[in-house]
Amino acid sequence: MDAILEGKRRIKGEITAPPDKSISHRSVMLGAIAEGVTEVERFLPADDCLSTVECFRKMGIDIRFDAPDKLVINGRGLRGLKKPDGPLYAGNSGTTIRLLSGILAGQSFEATITGDESLLKRPMGRVVEPLSMMGAVIEGACGGKYAPLTIRGGRLRGIRYELPVASAQVKSAILLAGLYAEGETTVIEKHKTRDHTEIMLAHFGSRISAADGEVRLTPVDKLSAGRVTVPGDISSAAFFMVAAAINEDSELLIKDVGINPTRTGIIDVLRKMGCDIKIHDERIQNGEKVANLFIKGNGLCGTTIEGEIIPRLIDEIPVIAVAAAFAEGETVIRDAGELRVKESDRIKAIADNLRRFGADVTELEDGLIIRGGRSLKPAEVESFGDHRIAMAMAVAALSIPGVSKIKNAECVKISFPDFFETLGKVSE
């Protein structure tokens, strides 16, 4: 499916951010290995999260939808998963394959987990190494560097492990394996990554603590089922935040957005660029901070984005790059080499597409230099099968006079199935 968009428009109105993808994944995983029934309100029924649901169904977990976004999970406890009849399929979801690897490492059976063509190219050695140190036996392509992964769980031991790259997925895989290990498991972070796993583990009754850059988990006999209400996904809200920020006279209210401090780099950067963002009605929901965001469109200026803020906005860099193309002055993005191994090589994808729109972009090994303020033109651009690239380029297209095309835009279903419909509702 190609998406055809006509600019130039203002963004006006009110939306509710779609449910958080990261938290939706984790609610299924922990609900499945908890004892009792877990009800998940505002679950994200997007392709990535549905891949997680199907993996656990194949391991004997009864999961049903009582509504399109309400999930009921009949948990079977830490040792209740069954050996699947065939390979587990994670689709395009790095969260599914990496976090589930941590759970599989503690099981008494062997299982193989695989994914689509894109996922098979993404690095898995970063989870294979620590899980192997804990006692799991894992085989994969190229010596365990890539999926498919065959995991023979066993008797695990807790480890003390310093993350070589800032990765919440690697941290989470180790912590989930730690539920099955003897002794304490400690993960050391140089730069704090998103902590949804830690918050949800605590919500389900695990013994976990975090301080001074270390996360410690001690095994418990069981996890207890409970109710989870998923907040709105700030990574999905970011596309609308930028759309409002770069179009004059725009005013947009985004309701029920998760503002976990490990995810709010997008707010900090847009404010640094001159965007007027107000936060209202802050509250706590299942241990997560939630609020409403109000954004007014005005002129932006270039900035430098690097260092410890990068893990707090790594998924938002594609749309931040779009904001930079519309800003006055130069924006420099560094320390973001992780973008090379996402659903696409996002650094290359961003640079290629923004150049098609007429932007002045220099590609760095670990980032981008974008010289804003140029007059942009409509263009035909490519999603590269990457949902965040497709949505970011849609925001750019909507803000440029004329008609643009985003090719292969159906990939938005991975995280935001209603993206184009929602964009149409607030475009004038």
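The following dialogue goes through several features of a predicted model.

Q: What kind of model is this, and how are residues numbered?
A: The model is predicted, so local features need pLDDT of at least 70 and side-chain atom pairs count only at pLDDT 80 or more, while totals for chains, interfaces and linings use all residues. Residues are numbered from 1 along each chain as its sequence is written, and side-chain values use heavy atoms, with hydrogens and water left out.

Q: Which strands form the open sheet with strand 20 in it, and in what order?
A: Strands of a sheet pair through backbone hydrogen bonds, either parallel or antiparallel. Helices (H or I, at least four residues) and strands (E, at least two) are DSSP runs numbered from the N terminus, and two strands pair if DSSP finds at least two bridges between them. Here 4 strands form an open sheet in the order 20-21-23-22, with mixed pairing. Strand 20 (304–305) and strand 22 (360–364) are the edge strands, each pairing on one side only. Strand 21 (residues 329–333) is antiparallel to strand 23 (residues 367–372), with 5 bridges between them. Ile-333 has Leu-368 in strand 23 as its bridge partner.

Q: Which helices pack on that sheet?
A: Contact means heavy atoms within 4.5 Å. Angles run from 0 to 180 degrees between N-to-C directions, and axes are lines fitted to C-alpha atoms, for helices over the stretch in contact. Helix 10 (residues 317–326) touches strand 20, strand 21 and strand 23, and its direction makes about 25° with that of strand 23. Helix 11 (residues 346–356) touches strand 22 and strand 23, and makes about 165° with the direction of strand 22.

Q: What is the strand order in the open sheet that contains strand 2?
A: The order is 2-17-19-18, again an open sheet of 4 strands with mixed pairing. Its edge strands are strand 2 (12–16) and strand 18 (276–285). On average, neighbouring strands of this sheet are turned by 10° against each other, direction ignored. Strand 18 and strand 19 (residues 288–296) run antiparallel and are joined by 8 bridges; Ile-279 stands opposite Leu-293 in strand 19. Helix 8 (residues 234–245) lies across strand 2, strand 17 (251–258), strand 18 and strand 19, at about 165° to strand 17. Helix 9 (residues 265–272) also packs on the sheet, touching strand 18 and strand 19, and its direction makes about 160° with that of strand 18.

Q: How does strand 25 pair with strand 1 and with strand 24?
A: Strand 1 (residues 3–7) runs antiparallel to strand 25 (residues 402–407), with 5 bridges, and Glu-6 stands opposite Val-403. Strand 24 (residues 380–382) runs parallel to strand 25, with 3 bridges; the bridge partner of Glu-382 is Lys-407.

Q: Is helix 12 largely enclosed or largely open to the outside?
A: Buried means under 20% relative accessible area, exposed over 50%, and partly exposed in between (1.4 Å probe, protein chains only). Because 12 of the 12 residues of helix 12 are buried, this helix is largely enclosed by the rest of the structure. Among them are His-387, Arg-388 and Leu-398. Helix 6 (residues 168–178) is also largely enclosed, because 11 of its 11 residues are buried; Gln-169 and Lys-171 are among these.

Q: How far apart are the ends of helix 12, and what caps its N-terminal end?
A: The expected span of a helix is 1.5 Å times one less than its number of residues. For the 12 residues of helix 12 (residues 387–398) this gives 16 Å, and the end C-alpha atoms are 17 Å apart, which agrees. Asp-386 is the cap, with a side-chain oxygen 3.0 Å from the backbone nitrogen of Arg-388.

Q: Which residues touch the most other members of the largest nonpolar core?
A: In soluble globular proteins, nonpolar side chains tend to be buried together. A nonpolar core is a set of buried Ala, Val, Leu, Ile, Met, Phe, Trp, Tyr and Cys residues joined through side-chain atoms within 4.5 Å. Of the 81 residues in the largest one, Phe-240, Met-241, Ile-254, Leu-354 and Ile-406 touch the most other members. Not counting residues up to four places away in sequence, Ile-406 touches residues including Met-1, Val-381 and Met-393. A second, separate core has 68 residues, including Leu-81 and Ile-103.

Definitions and conventions. Polar contact = N/O pair within 3.5 Å; in protein donor to acceptor, adjacent residues only side chain to side chain.
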